[in-house]
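Colleague: Could you take me slowly through one part of this model, and then follow the connections outward from there? I am in my first year, so please spell out each step.

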Amino acid sequence: MDPAALSIADAGALFRSGELSPVDVVRACLDRVGALDPTVRAFEVVTDELALRTARAAEKKVRDDPEGRRPLLGIPVALKDLVETAGIPTTASSRVLAGNVPERDAPVWRRLRRAGSILVGKTRTHEFAYGSSTPPTRNPWDTERIPGGSSGGSAAALAAGFCLGAIGTDTAGSIRIPSALCGVVGLKPTYGLVPKSGVIPLSWTLDHVGPMARSPRDAAVLLDAIAGHDASDPASAPRRGRGLYAAGAGPRGSLRVGVIAGTGPTTAGVCAGLDAASAALEELGAELDEVVVEGWETAVDADFTILGAEAAVYHEHDLARRPELYTDDVRVRLEWGFTLDAAAFVRAMRAAQRFRDRFDDLLADRDLLLCPGMPCPAPPAGAPAVTIEGRDLPVDRTLCRNTSISNLTGLPALAVPSGFEEGLPVGVQLIGSRWGEGFVLAAGQALSEALSLPSLA
């Protein structure tokens, strides 16, 4: 038994039985970091001393929790380097914020810390979350390939066994893209379910904060800890009951699933993964029908327009004062944001409303929607394009093609592994109704168990 490869639930059970301690798991994770992270490069900073100190304190506390009422007690987690942590650098993986040490914790980390989670480090993001590659982080399945972005460090850390849970952010797919490419699970929750205050923004309109884990069940445990209103974020939603997501009702009886068709060029392995997921859902009693979302391919344009304009405004001061501190690709994207006019922004916002209306209609008489995750497995590092169905397609736009639409609608979307192509993970997405995370996660867990795929860790 490798402690670094355990699920959150299994680790907690072993803590309570006395067969394992939080120190054992944290040390196993840190040993992997020491051995593998010089190659994977998932972390901006490793908080090893803090983690071991917290783990020792947690050893005593687990004895006082025989019922497992604190499922995250003693569990090592990683935070994307956008999440503010008091006394620990938060740099958004950018020279612009070099030396930035917040005085306060973001609500999402404060809640995880109070739940007993142990921070092993801050994971790399594509600079200011504005990209889908996360250089210099590499994919643990094949270190010649990207982990995806912008939460690539969090996904790589999970896949490599550096932590048991992680936090990412998602503006055009930045939780679900790296989750799919690294073979882990990632949830973009309903817009507003998790407070965003204390998390460095990319786009106020489209940003989401969510959990990443090795299973939907583990993601649900993390979501239970971080969800709910915080006074520092007026847009955050009220909590809808403690333990709701981990105890969410799964597929029972006739499950109605709409399979979204016409999502664009897709590799054979991804198609096979979608077929496998569809067959598994049918075995679980689902009734599948094919649905079409008109203009699917335009969603990424609307998303990029909204986030482009909002990111430019957020960075306006630093971009004017010290542009040389930004990486070339991010600086070019920010400068492009200033070329967008008000009419383009309004058209993009109107498109978002049309997609919200369409998805609400589709989910009025269906429980879930199913679609591919990424159109392809992880591209090689540095590749500007991927070839799918004989067409050379730009990496950023292609990786966001199936994900950005859920940022426009604000609906919960879960990335779940569904197979492999040439030894690399591929996956699907489950999209649910607003505030339907409990059902989406439970259905995702049932699907994961039915597919029973191996993990890297």
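Modeller: Glu422 sits in the loop between strand 12 and strand 13, and in this predicted model the backbone of Glu422 has a positive phi of about 50 degrees, although Glu422 is not a glycine. To see what is notable here, keep in mind that most residues other than glycine have a negative phi, and that most peptide bonds are trans. Glu422 counts as exposed, because its relative accessibility is 76% and the cut-off for that word is over 50%.

The two strands on either side of this loop lead on to a pocket. Strand 12 (413-421) and strand 13 (424-431) each supply at least two residues of the lining of the largest pocket, and helix 5 (152-160), helix 7 and helix 15 each do so as well. This pocket holds about 520 Å³ of space, and among its 31 lining residues the closest to the centre are Arg214, Ser215, Ser448, Leu453 and Ser455. When the lining is sorted by class, it divides into 19 nonpolar, eight polar and four charged residues.

Two of those contributors, helix 7 (residues 216-226) and helix 15 (residues 437-451), also pack against each other, at an angle of about 155 degrees and with their axes 8 Å apart. Helix 7 is therefore roughly antiparallel to helix 15, since angles over 145 degrees count as such. On the side of helix 7 the contact is made by Pro216, Arg217, Ala219, Ala220 and Leu223, while helix 15 brings Glu437, Leu441, Gly444, Gln445, Ser448 and Glu449. Taken by class, the residues of this contact are five nonpolar, three polar and three charged. Ser448 thus appears twice in the account, once in the contact between the two helices and once among the residues closest to the centre of the largest pocket.

Helix 7 has a further partner, for it is included in what covers the buried residues of helix 4, together with strand 2 (76-80), strand 3 (118-123), strand 4 (165-170) and strand 6 (208-213). Those buried residues of helix 4 (residues 107-114) are Pro107, Val108, Trp109, Arg111 and Leu112. Helix 4 is followed by Gly116, which has a positive phi near 105 degrees.

Strands 12 and 13 can also be followed to another helix. Leu274, placed in helix 8 (residues 268-283), touches Leu370, Cys371, Pro372, Ser418 and Val428, when residues up to four places away in sequence are not counted. Leu274 is buried, because its relative accessible area is 14% and buried means under 20%. From Leu274 to Asp142 there are 132 residues in sequence, and 22 Å in space from C-alpha to C-alpha.

For a backbone that can be set beside Glu422, look at Arg41, which has a positive phi of about 60 degrees although it is not a glycine. Arg41 lies in the loop between helix 2 (22-40) and strand 1 (43-46), and with 38% relative accessibility Arg41 counts as partly exposed.

Another backbone feature to check is the cis peptide bond. One such bond joins Pro135 and Pro136, with omega about 5 degrees, and Pro136 has its place in the loop between strand 3 and helix 5. The bond from Gly149 to Ser150 is cis too, with omega near 5 degrees, and Ser150 is likewise found in the loop between strand 3 and helix 5.

Finally, there are the enclosed spaces. Rolling a probe the size of a water molecule over the atoms shows where empty space is left. The structure holds three cavities of 30 Å³ or more, and the largest has a volume of about 50 Å³. Its lining consists of Gly12, Phe15, Arg16, Val62, Asp65, Arg70, Pro71 and Leu73, with helix 1 (residues 8-17) giving the most, namely three residues. By class, the lining of the largest cavity has four nonpolar, one polar and three charged residues. The second largest cavity, at about 40 Å³, is lined by residues that include Tyr191, Lys196, Asp207, His208 and Ser236, and its whole lining divides into four nonpolar, three polar and three charged residues.

Notes
Residues are numbered from 1 along each chain as its sequence is written. This is a predicted model: local features need pLDDT of at least 70, side-chain atom pairs count only at pLDDT 80 or more; totals for chains, interfaces and linings use all residues. Side-chain values use heavy atoms; hydrogens and water are left out. On a 1 Å grid over the protein atoms alone, a cavity is a set of points where a 1.4 Å probe fits but cannot get out, and a pocket is an open set with protein on both sides within 12 Å along at least five of seven lines; lining residues have an atom within 4 Å of a point. Grid points are joined across faces, edges and corners, and a volume is the space filled by probe spheres set on the points. Helices (H or I, at least four residues) and strands (E, at least two) are DSSP runs, numbered from the N terminus. Ala, Val, Leu, Ile, Met, Phe, Trp, Tyr, Cys and Pro count as nonpolar, Asp, Glu, Lys and Arg as charged, and the others, Gly among them, as polar. Axes are lines fitted to C-alpha atoms, for helices over the stretch in contact, and angles run from 0 to 180 degrees between N-to-C directions. Angles under 35 degrees count as roughly parallel, over 145 as roughly antiparallel, 65 to 115 as roughly perpendicular and the rest as oblique. Contact means heavy atoms within 4.5 Å. Buried means under 20% relative accessible area, exposed over 50%, partly exposed in between (1.4 Å probe, protein chains only).
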